[in-house]
Amino acid sequence: MKLPTSYLPEKVRSAVRFMVVGTTGSFVQTWFFMAALWALSYPEKGLPMYYVAFGIGFALEMIPNYLFSNWYTFGTRPNLKNAGGFLLARAINLVIQFALLPLMISWLPSWRDDFISLLVIFIAGCVNYLICLMFFRKPKEPQADAETEEK
């Protein structure tokens with residue numbers, strides 16, 4: 001059975017698969033975040049333990065996200081190069097979200113906060129995809145030497 005994305009061109013296919021993995025990862029992150037909030041007796045927003053819970057959700061979500069990014073999105077195997085690239089992309093993603101959200105809310109006060117949040121997540125996701133694209137490359141097939149083929 002072929003997946004629906006298998007009928008798309010390769011560049012579009014990886015982008016669509018990246019969105020599927022990212023959306024699933026958001027749900028996983030939210031679940032871990034909520035579980036951590038529960039385990040920490042629901043600390044108030046702004047308190048350090050609230051951010052610890054957020055960090056726990058963010059960190060635990062990265063494990064399945066990394067594995068599915070390898071196998072499903074890019075068709076590669078986990079290795080140090082793409083793991084480093086993935087961590088770099090996730091760090092930049094987190095910085096973009098934390099820095100861009102308050103800026104956009106202050107620059108666009110007439111816009112709804114939830115729309116701005118989605119826009120920030122979309123921008124961070126696009127940057128994340130482009131960075132991951134650099135690190136999650138399939139190894140090139142070894143080229144047969146022309147001399148070897150003639151013999």
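These are my notebook entries on a predicted model of a single protein chain.

**Entry 1. Confidence and overall make-up**

I began with the confidence scores. The protein chain has an average pLDDT of 82, and 89% of the residues reach at least 70. I then looked up the extremes among the elements. The lowest mean pLDDT, 51, belongs to helix H5 (residues 146-150), and the highest, 88, belongs to H2. I shall keep the value for H5 in mind when reading that element.

For the secondary structure I recorded five helices and zero strands. Along the sequence the pattern reads α-α-α-α-α. Of the 151 residues of the protein chain, 28% count as buried.

**Entry 2. Packing of H1 on H2**

I turned next to the helix pairs. Two packed helices are described by the angle between their axes and the distance between the axes. For H1 and H2 I noted an angle of about 150 degrees, with the axes 7 Å apart. That angle makes H1 roughly antiparallel to H2, because the cut-off for this class is over 145 degrees. The crossing of H1 and H2 is right-handed.

**Entry 3. Packing of H2 on H3**

How are H2 and H3 oriented to each other? I found that H2 and helix H3 (residues 80-107) pack at about 135 degrees, with their axes 11 Å apart. The two helices are therefore oblique to each other, since the angle would have to be over 145 degrees to count as roughly antiparallel. I recorded a right-handed crossing for H2 and H3.

**Entry 4. The loop between H1 and H2**

I checked the backbone in the loop that joins helix H1 (10-39) to H2, where serine 41 is found. Most residues other than glycine have a negative phi, and most peptide bonds are trans. Serine 41 is not a glycine, yet its phi is positive, at about 60 degrees. Tyrosine 42 also has a positive phi, near 50 degrees, and is likewise a residue other than glycine. Tyrosine 42 is placed in the loop between H1 and H2.

Are these two loop residues buried or exposed? Serine 41 is exposed, with a relative accessible area of 61%. Tyrosine 42 is exposed too, at 51%, a value that falls in this class because the cut-off is over 50%.

**Entry 5. Aromatic pairs**

I then searched the whole structure for aromatic pairs and obtained twelve. A pair of aromatic rings is described by the distance of the centres and the angle of the planes. I examined one pair in detail, namely phenylalanine 54 and phenylalanine 58. Their ring centres are 6.4 Å apart and their planes lie at 20 degrees, so the pair is stacked; the reason is that planes under 30 degrees apart fall in that class.

Where do these two residues lie in the chain? Both are in helix H2 (residues 48-74), four residues apart, which is about one turn of the helix. Their accessibility falls in separate classes: phenylalanine 54 is partly exposed, with a relative accessible area of 23%, whereas phenylalanine 58 is buried, at 10%. The dividing value is 20%.

I also followed phenylalanine 54 to a residue elsewhere in the sequence. Its C-alpha atom is 7.8 Å from that of alanine 36, and the two residues are 18 apart along the chain.

**Entry 6. An aromatic cluster and a charge over a ring**

Which residues do ring pairs link into a cluster? I listed Phe18, Tyr66, Phe74, Phe86, Tyr129 and Phe136.

I also looked for a charged group placed over an aromatic ring. The charged end of arginine 17 sits over the ring of tyrosine 72, at 4.8 Å from the ring centre.

**Entry 7. Two isoleucines of H3**

I closed with two residues of H3. Isoleucine 96 is found in this helix and counts as buried at 19% relative accessibility, because the cut-off for buried is under 20%. Its C-alpha atom is separated by 9.6 Å from that of glycine 125, which is 29 residues apart from it along the chain.

Isoleucine 105 also has its place in helix H3. With a relative accessible area of 31%, isoleucine 105 is partly exposed. I noted 10.0 Å between its C-alpha atom and that of phenylalanine 115, the two residues being ten apart along the chain.

Key
Residues numbered from 1 in each chain as written. Predicted model: local features only at pLDDT ≥ 70, side-chain atom pairs only at ≥ 80, totals over all residues. Heavy atoms only, no water. Phe/Tyr/Trp six-rings, centres within 6.5 Å; stacked < 30°, edge-to-face > 60°. Buried < 20%, exposed > 50% of the residue type's maximum accessible area, 1.4 Å probe, protein only. Lys NZ or Arg CZ within 6 Å of the ring centre and 35° of its normal. pLDDT = per-residue confidence, 0-100. Axes fitted to C-alpha atoms, helices over the stretch in contact; angles between N-to-C directions. Parallel < 35°, antiparallel > 145°, perpendicular 65-115°, else oblique. Left-handed = near helix turned anticlockwise from the far one by under 90°.
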